[in-house]
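Please keep the structure open in your viewer while you read, and make each selection as it is named.

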Amino acid sequence: MKYLTTKELSLIEDELRSEQLLAKTFNWCASQCEHEEIRSLLEQLAETHQLNIADLSQYFNRSQMIQ
């Protein structure tokens with residue numbers, strides 16, 4: 001099991017918050033967009049960031065804090 005320092009945990013949490021904000025922003029923009037092609041692109045970007053959130057969360061959950 002990989003152990004993370006407090007600083008590493010903090011960086012992961014910051015990255016998670018950033019990805020969440022980006023995903024929510026892209027989703028909101030897509031919901032307001034009337035242009036179908038741009039809306040689709042924004043939805044794809046939001047999905048990419050949501051997948052990043054899942055990956056980061058899994059990494060975070062598999063790791064333990066200490067050091």
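Begin by colouring the protein chain by secondary structure and following it along the sequence, where the elements come in the pattern β-α-α-β; this is a predicted model, and its chain has 2 helices and 2 strands.

Next, zoom out until the whole chain is in view and turn it slowly: the C-alpha atoms fill a box of roughly 50 × 15 × 10 Å along the principal axes. The radius of gyration is 15 Å, whereas a compact globule of 67 residues would have one near 11 Å. With the whole chain still in view, consider its contacts between residues at least 6 apart in sequence, of which 73% join residues at least 24 apart.

Now select Leu 4, Leu 9, Ile 12, Leu 16, Ala 23 and Ile 53 and show their side chains, since these 6 residues make up the largest nonpolar core. Helix 1, which spans residues 6–32, supplies the largest share of this core, with 4 residues. Then move on to Phe 26, Ala 30, Cys 33 and Leu 42, which are among the 5 residues of a second, separate core.

How much of the chain is buried? Of its 67 residues, 21% count as buried.

Switch to a surface display to look at the outside, where the chain exposes about 5,200 Å², 55% of it supplied by carbon and sulfur atoms. As a last step, colour the charged side chains by sign: there are 6 positive and 11 negative ones, and the centres of the two sets lie 10 Å apart.

Definitions and conventions. Residues are numbered from 1 along each chain as its sequence is written. This is a predicted model: local features need pLDDT of at least 70, side-chain atom pairs count only at pLDDT 80 or more; totals for chains, interfaces and linings use all residues. Side-chain values use heavy atoms; hydrogens and water are left out. A nonpolar core is a set of buried Ala, Val, Leu, Ile, Met, Phe, Trp, Tyr and Cys residues joined through side-chain atoms within 4.5 Å. Buried means under 20% relative accessible area, exposed over 50%, partly exposed in between (1.4 Å probe, protein chains only). The radius of gyration is taken over C-alpha atoms; the globule rule is 2.2 Å times the number of residues to the power 0.38. Contact means heavy atoms within 4.5 Å. Accessible areas come from the Shrake-Rupley method with a 1.4 Å probe; for residues, only the protein chains shown count as cover. Lys and Arg count as positive and Asp and Glu as negative; His and the chain ends are not counted. The place of a charge is taken as NZ of Lys, CZ of Arg, CG of Asp or CD of Glu.
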